[in-house]
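Q: Please take a close look at one part of this protein. I would like to follow a sheet strand by strand, and then see what surrounds it.

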Amino acid sequence: LLRRAGITTLDKTAAHYGLGLTLGNAEVRLDELVAAYAMFARGGRTTSEVGSGRALSEPTSEVVLPRTAFWITDILSDREARAFIFGEGSSLDFPFAVAAKTGTSQAYHDNWTIGFTRDVTVGVWVGNFDRTPLRQSSGVTGAGPIFHDVMLAAVERVRGSLPLFDPAPLAAPPSDLREVSLCALSGMIAGAACPVRTREWLPVAQAAHECQWHHASDRGVVTVWPAEYREWAKAASVAVGEMAEMPQVAKWPLAPTTFGVASPTTGATYLIDPTLKPEFQSLPLRTRGAIGRVEWSVNGTPVGISLGDIALAWPLVRGTHTIGARDANGRTAAARIIVK
């Protein structure tokens, strides 16, 4: 995908880079990365000619679908999401829509800010040419202010003046997407009782299910947590000062939950960190749909008892293990994992 987007510096196989490629473990050129981001601004199509001081040719080949390009553009231009991370008034705030992404390399060797509008794409790299680490500099504090000034100047040059305020989105949604109101907690289609909502773009053909987590009662909105989230909800309710309405679960019963091991998942691999103390390296054993007490075993040896969906901490031990669980009704479940 990156090669089709115009990146020429990836001279090793995909296996060489591995999953770390998504976090930036391969070196790229500024001009090629800028061209790759411009591809999103063109609806997923790239050009064959990119060069400083030369006019760009018309888009020639499709790298990603228009729907994908729109989604990426919509995410990177989300002002509310950006303010949540960087705060209001950061270097990424503009009077017009800008899709922007910051990046900071490992050990702070260098940082980036790249983004685009309907008119221009701007990329900024900040670093030391001798590869010495930067000091107290990240993508938003190092490259960000430069990006801000260059973007303002570039838009002014293209448009003849800077718009005081232009709320228009960067791209029109493709016909196979529709904007829907979602429950901000469950991610399902918002129902009448959902207290917090957000709007997102979903595929037209995707089946939509209305939220079953929130229900109106004479005490206000009641949240009925699915089994796999109940322990988290109890802990989170203390942190955010909300009431966990667990006693109300029976009033609006959800579909029966099949008994199983929720954590760990079968096939998972865990690595013991030699730099950490063993007592700090444990695995939470948790079920879903449990009734009463749960007896846990590892490779047939009992290791402890938990109640319902509450987790039991098991210290990591190297080897291949079968994690077994048995609830008060005699139902059993198991997961097979590897610890290295």
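A: What follows starts at one sheet, moves to a loop and a core, and ends with some aromatic rings and two further sites.

First, the ground rules. This is a predicted model, where local features need pLDDT of at least 70, side-chain atom pairs count only at pLDDT 80 or more, and totals for chains, interfaces and linings use all residues. Residues are numbered from 1 along each chain as its sequence is written, and side-chain values use heavy atoms, with hydrogens and water left out.

Start with the sheet. It is open and has five strands, in the order β11-β17-β16-β13-β14, with mixed pairing. Helices (H or I, at least four residues) and strands (E, at least two) are DSSP runs, numbered from the N terminus. Two strands pair if DSSP finds at least two bridges between them. Strands of a sheet pair through backbone hydrogen bonds, either parallel or antiparallel.

Which strands lie at the edges? They are β11 (269–270) and β14 (301–307), and each pairs on one side only.

Now go through the pairs. β16 and β17 are antiparallel, with eight bridges. One contact point to find is H321, whose bridge partner in β17 is I337. β13 and β16 also run antiparallel, joined by four bridges. Here W296 has A325 in β16 as its bridge partner. β13 and β14 are antiparallel too, with six bridges. R293 is matched with L307 in β14. The hairpin of β13 and β14 has two residues between the strands, and N299 takes a positive phi near 55 degrees there.

Next, the loop between β16 (319–326) and β17 (332–339). D327 sits in this loop. Is D327 buried or exposed? D327 is buried, because its relative accessibility is 4%; buried means under 20% relative accessible area, exposed over 50%, and partly exposed in between (1.4 Å probe, protein chains only). The D327 side chain reaches two backbone nitrogens: that of N329 at 3.1 Å and that of R331 at 2.9 Å. These are polar contacts: pairs of N or O atoms within 3.5 Å; within protein, one must be able to donate a hydrogen and the other to accept it, and residues adjacent in sequence count only if both atoms are side-chain atoms. Beyond four places in sequence, D327 is in contact (heavy atoms within 4.5 Å) with F259, A290, I291, R293 and V294.

The strands also feed a core. A nonpolar core is a set of buried Ala, Val, Leu, Ile, Met, Phe, Trp, Tyr and Cys residues joined through side-chain atoms within 4.5 Å. The largest one has 19 residues, and L285, W296, W314, I323 and I337 touch the most other members. At least two core residues come from each of β12 (282–288), β13 (293–298), β15 (312–315), β16 and β17. β17 gives the most, with four residues.

Now the aromatic rings. Rings of Phe, Tyr and Trp (its six-membered ring) pair if their centres lie within 6.5 Å; planes under 30 degrees apart count as stacked, over 60 as edge-to-face and the rest as tilted. The count is seven aromatic pairs. One of them is Y37 with F40, edge-to-face, at 6.2 Å centre to centre and 75 degrees between the planes. Y37 and F40 are three residues apart in helix α2 (residues 30–41), so about one helical turn separates them. Y37 is buried at 17% relative accessibility, and F40 is buried with a relative accessible area of 17%. W125 and F129 form a stacked pair, 5.8 Å centre to centre with 25 degrees between the planes. W125 is partly exposed at 29%, while F129 is exposed at 79%. Ring pairs also link F94, F96 and F147 into a cluster. The charged end of R159 sits over the F96 ring, 5.9 Å from its centre. That label needs NZ of Lys or CZ of Arg within 6 Å of the ring centre and within 35 degrees of the ring normal.

Two further sites remain. S91 lies in the loop between α4 (79–86) and β3 (99–104). S91 is buried, at 17% relative accessibility. Outside four places in sequence, S91 touches V140, G144, P145 and H148. I7 is in the segment before α1 (14–17). I7 is buried at 4%. I7 and R29 are 22 residues apart in sequence and 7.7 Å apart in space, C-alpha to C-alpha.
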